[in-house]
Amino acid sequence: MSSIGTGYDLSSSTYSLDGRIFQVEYAMKAVDNSGLCIGLRAKDGIVLAISKLVHSKLLVPKSNKRIASVDQHIGMVCPGLIADGKALIKRARAEAQNYKDNFRMPISGKMIADRMGQFVQAYTLYSSVRPFGCSTLIATYDSVGPSLYMIDPSGVYWGYFGCAVGKNKQIAKAEIEKLKLNELTSRQAVMEVARIMYSVMEDDIKDRDYEIEYTWICDESDKKHVEVPSDLIEEAERKAKESLDDDDDDDMDDE
């Protein structure tokens, strides 16, 4: 009974017989079914990217943003349920403003990750609420340099050099592990993110409309979280598509 959650998944405050909280696991499954999200920490900054399907041709392009600025030096993306992500972004902005009001200085990356992790974890304690159906990637550039954190629906958070969340995340992680991130510039990281995005999503996005958002926070952006320049995105995506075409040609030659 406990292995499939029957009778133990009605509340996030109930443990199964083997010590699992199924509501949290269901939330993680919602994240795994969402679009691929990647964060890379380069030597001079951080690049964030997330893919999203365009469900209707009536939608205004680039209107449904998934990546948001919490403060000038903090970027945040929440792969998973969009409404839950918007709620977490609103909370993060309140935490950043509250810290600035109290201490007269911008909140650090470690502190915003810790506060948001505690907030997310609180939603796994009570039967009157449910866990957030999204993970959270937080990119910051403060006095200690660029930092990248990921918070999962249980409230646990880690610091990362590179992170992938969402559909096909294991394939993306395998590609990220091949990179020498400490040697990459932010511009080079944008190229790598686009290449990984297109290579991983090749089968999933075939014959479907989609968008990919790119933002960064780095020395080139004056340590502020902003969108990646359009000319750089176009170059990165062009090279990513060329790389895919070359791989397809190689496969044909092998056959």
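Biologist: In this predicted model, with which residue does Arg 187 form a salt bridge?

Modeller: The model is a predicted one. Arg 187 lies in helix H5 (residues 186-201), and its partner sits in the loop between strand S9 (210-218) and strand S10 (226-227), so the pair ties together parts that are 33 residues apart in sequence. The closest N and O atoms of the two are 3.0 Å apart, and the partner of Arg 187 is Glu 220.

Biologist: Is Glu 220 buried, partly exposed or exposed?

Modeller: Buried residues are under 20% relative accessible area and exposed ones over 50%. Arg 187, with 36%, is partly exposed. The value for Glu 220 is 45%, so this residue also falls in between and counts as partly exposed.

Biologist: Which residue forms a salt bridge with Arg 91?

Modeller: Both members of the pair lie in helix H2 (residues 82-103), and they are 4 residues apart, about one turn of the helix. Their side chains meet at 3.0 Å, N to O. The partner of Arg 91 is Glu 95.

Biologist: Is Glu 95 buried or exposed?

Modeller: Arg 91 has a relative accessible area of 33% and is partly exposed. The relative accessible area of Glu 95 is 11%, and the limit for a buried residue is under 20%, so Glu 95 is buried.

Biologist: In which helix do Glu 242 and Arg 238 lie?

Modeller: Glu 242 and Arg 238 form a salt bridge whose closest N and O atoms are 3.3 Å apart. Glu 242 is partly exposed at 38% relative accessibility, and Arg 238 is partly exposed at 42%. The two residues are 4 apart, about one turn of the helix, and that helix is H6 (residues 230-254).

Biologist: How many salt bridges does the count come to?

Modeller: Salt bridges also link Glu 175, Lys 178, Glu 192 and Arg 195 in a network. The count of salt bridges comes to 16.

Biologist: With which side chain does the side chain of Ser 16 make a polar contact?

Modeller: Ser 16 is placed in the segment before helix H1 (22-32), and at 6% relative accessibility Ser 16 counts as buried. Thr 6 is 10 residues away from Ser 16 in sequence and 9.1 Å away in space, C-alpha to C-alpha. The polar contact of the Ser 16 side chain, at 2.4 Å, is with the side chain of Asp 18.

Biologist: Is the aromatic pair of Phe 22 and Tyr 26 stacked, tilted or edge-to-face?

Modeller: The count of aromatic pairs comes to 8. Phe 22 and Tyr 26 have ring centres 6.3 Å apart and an angle of 40° between the planes. Stacked planes are under 30 degrees apart and edge-to-face planes over 60, so this pair is tilted.

Biologist: Where do Phe 22 and Tyr 26 lie?

Modeller: Phe 22 is buried at 2% relative accessibility, whereas Tyr 26 is partly exposed at 37%. They are 4 residues apart, about one turn of the helix, and both lie in helix H1.

Biologist: What is the geometry of the ring pair formed by Trp 158 and Tyr 160?

Modeller: Trp 158 is partly exposed at 39% relative accessibility, as is Tyr 160 at 24%. Their ring centres are 6.5 Å apart and their planes are at 70°, so the pair is edge-to-face.

Biologist: Which element gives the most to the largest nonpolar core?

Modeller: The largest nonpolar core has 32 residues, and those with the most contacts inside it include Leu 36, Val 193 and Tyr 214. Strand S1 (37-42), strand S2 (45-53), helix H4 (169-177), H5, S9 and H6 each supply at least two residues of this core. With 10 residues, the element that gives the most is H5.

Biologist: How many residues does the other core have?

Modeller: This other core lies apart from the largest one. Cys 78, Ile 107, Ile 138 and Ile 151 are among its residues, and its size is 21 residues.

Biologist: Why is Cys 37 not in a bond with Cys 163, and how many disulfides does the count come to?

Modeller: Cys 37 is buried at 0% relative accessibility. The closest cysteine sulfur to that of Cys 37 is in Cys 163, and the distance of 7.5 Å is too far for a bond because a disulfide needs sulfur atoms within 2.5 Å. Cys 218 is in no disulfide either, with its nearest cysteine sulfur, that of Cys 37, 17 Å away. The count of disulfides comes to 0.

Terms used: Residues are numbered from 1 along each chain as its sequence is written. This is a predicted model: local features need pLDDT of at least 70, side-chain atom pairs count only at pLDDT 80 or more; totals for chains, interfaces and linings use all residues. Side-chain values use heavy atoms; hydrogens and water are left out. A salt bridge is a side-chain nitrogen of Lys or Arg within 4 Å of a carboxyl oxygen of Asp or Glu. Buried means under 20% relative accessible area, exposed over 50%, partly exposed in between (1.4 Å probe, protein chains only). A polar contact is a pair of N or O atoms within 3.5 Å; within protein, one must be able to donate a hydrogen and the other to accept it, and residues adjacent in sequence count only if both atoms are side-chain atoms. Rings of Phe, Tyr and Trp (its six-membered ring) pair if their centres lie within 6.5 Å; planes under 30 degrees apart count as stacked, over 60 as edge-to-face and the rest as tilted. A nonpolar core is a set of buried Ala, Val, Leu, Ile, Met, Phe, Trp, Tyr and Cys residues joined through side-chain atoms within 4.5 Å.
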